[in-house]
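Welcome! Please take a moment to look over the sequence and the 3D view, and then we can walk through them together.

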Amino acid sequence: MVATALAAAPALAAMRVVATTTDLAALVAVIGGDLVTVESIVPAGADPEAFEPRPGDLGKLRRAGLLVRVGLGYDYWLDALVNQTGEQRLMRGGEATLDASAGIPLLEIRGQSIINEGGHAHGMANPHYWLDPENAIIVTAGIAEALVRIAPGHRDRILANREGFLSQLETRRTLWSRTLAPFAGTKLIAYHNSWPYFARRFRLNVIAFIEPKTGVAPSPAHLVQLISEGRRAQVRAILHEPFDPEDASRFVAQKLGVPLVRLAISVGSLEGTNDYLALFDYNVATLAKALGARSP
Ligand SMILES: [Zn+2]
């Protein structure tokens, strides 16, 4: 009379995870390991701000065992897409969905949430939180919890994957901080307001933005003002996202006599940024090189 029939662990191997961005997909891949297949909706290298879902994305969602989103209005287009599937489990608060921003200490919080103003609008807070590597601790905790909820039989493996990742992250964070330490307090101008989390972690100071508003090209008057502000503040580099128009950034960089530094805001948006740790390896090394070249 011994109960021998152990409940077979659910076949997580068959579990498909869909993440809105490549950053979240990369973190899911690390935590799920070979237990999951994961794909992103916004392709690597595309501008997540200007993204519009394509017909195939609906099918992708329907097949998802778990849906992971950035939240905070960044992937505002997802709600309409999820509604089209008619699947409760994928809707906000549904058992197969995870908002990765839960628990993140947010920056640039506003009193009011303005989500759908046609483009990711930084409505309730700045949404670029994955660019602080320390926030990956919180994001991966959420991912691990969601995966374990769906496949409790694989709990140990999922938690071990996360431990392995956290230990790598810790080593690299020390290295990144050391690399950027000489540039603490350095003033920068960025094309888009992508960097508050990154800048706070590495003690950089982004003082102004080339685009006056997401997706809006700067006017000549705005550029003139930026250049004089940049001179006054002794800005030392212009940060630029690869998919944004480059003319204005190049112009400001030339006028200030500082380097134009192309950094990746997402995994896969530049060569050499194919996973989450590589994204920081690349950005930290590229920025340090650009700033170091101008050090006395
Ligand atoms: Zn943004």
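How many Å apart do the C-alpha centres of domain 1 and domain 2 lie? They are separated by 25 Å. Keep in mind as we go that this is a predicted model.

Let us begin with the overall layout. Domain 1 covers residues 12–172, and domain 2 covers residues 179–292. The two parts touch each other: 32 residues of domain 1 are in contact with 25 residues of domain 2. Between them, domain 1 and domain 2 bury about 2,500 Å², and 59% of this area is on carbon and sulfur atoms. Charged side chains take part as well, with four salt bridges found across the interface of the two domains. Elsewhere on our tour, you can look for the salt bridge that joins the side chains of aspartate 132 and arginine 200, with an N to O distance of 4.0 Å.

Now please find helix 7, which runs through residues 220–233. Its 14 residues reach 20 Å from the first C-alpha to the last, close to the 20 Å expected at 1.5 Å a residue. Which residues of this helix are buried? They are His222, Leu223, Leu226, Ile227, Gly230 and Ala233. Viewed down the axis of helix 7, these buried residues fall within an arc of 140 degrees, so they line one face of the helix. A general rule helps here: an α-helix has 3.6 residues a turn, so residues three or four places apart point the same way.

What covers the buried residues of helix 7? The cover includes strand 5 (187–190), strand 6 (205–209) and helix 8 (247–256). Turn to the face of helix 7 that points away from its buried side, and you will meet the exposed residues Pro220, Ala221, Val224, Arg231 and Arg232. Just after the helix comes glutamine 234, which has a positive phi, near 55 degrees.

A little further along is our last stop, isoleucine 238, which sits in strand 7 (residues 237–240). Is isoleucine 238 buried or exposed? Its relative accessibility is 0%, so isoleucine 238 counts as buried, the cut-off being under 20%. Beyond its neighbours within four places in sequence, isoleucine 238 is in contact with several residues, among them Ile189, Ile210, Ser249, Val252 and Leu256. Its C-alpha atom is also 6.0 Å from that of leucine 188, although the two residues are 50 residues apart along the chain.

Key. Residues numbered from 1 in each chain as written. Predicted model: local features only at pLDDT ≥ 70, side-chain atom pairs only at ≥ 80, totals over all residues. Heavy atoms only, no water. Helix = DSSP H or I, 4+ residues; strand = E, 2+ residues; numbered from the N terminus. Expected span 1.5 Å × (residues − 1). Buried < 20%, exposed > 50% of the residue type's maximum accessible area, 1.4 Å probe, protein only. Arc of directions from axis to C-beta. Contact = heavy atoms within 4.5 Å. Domains from an automatic or database assignment. Buried area = accessible area lost by both parts, 1.4 Å probe.
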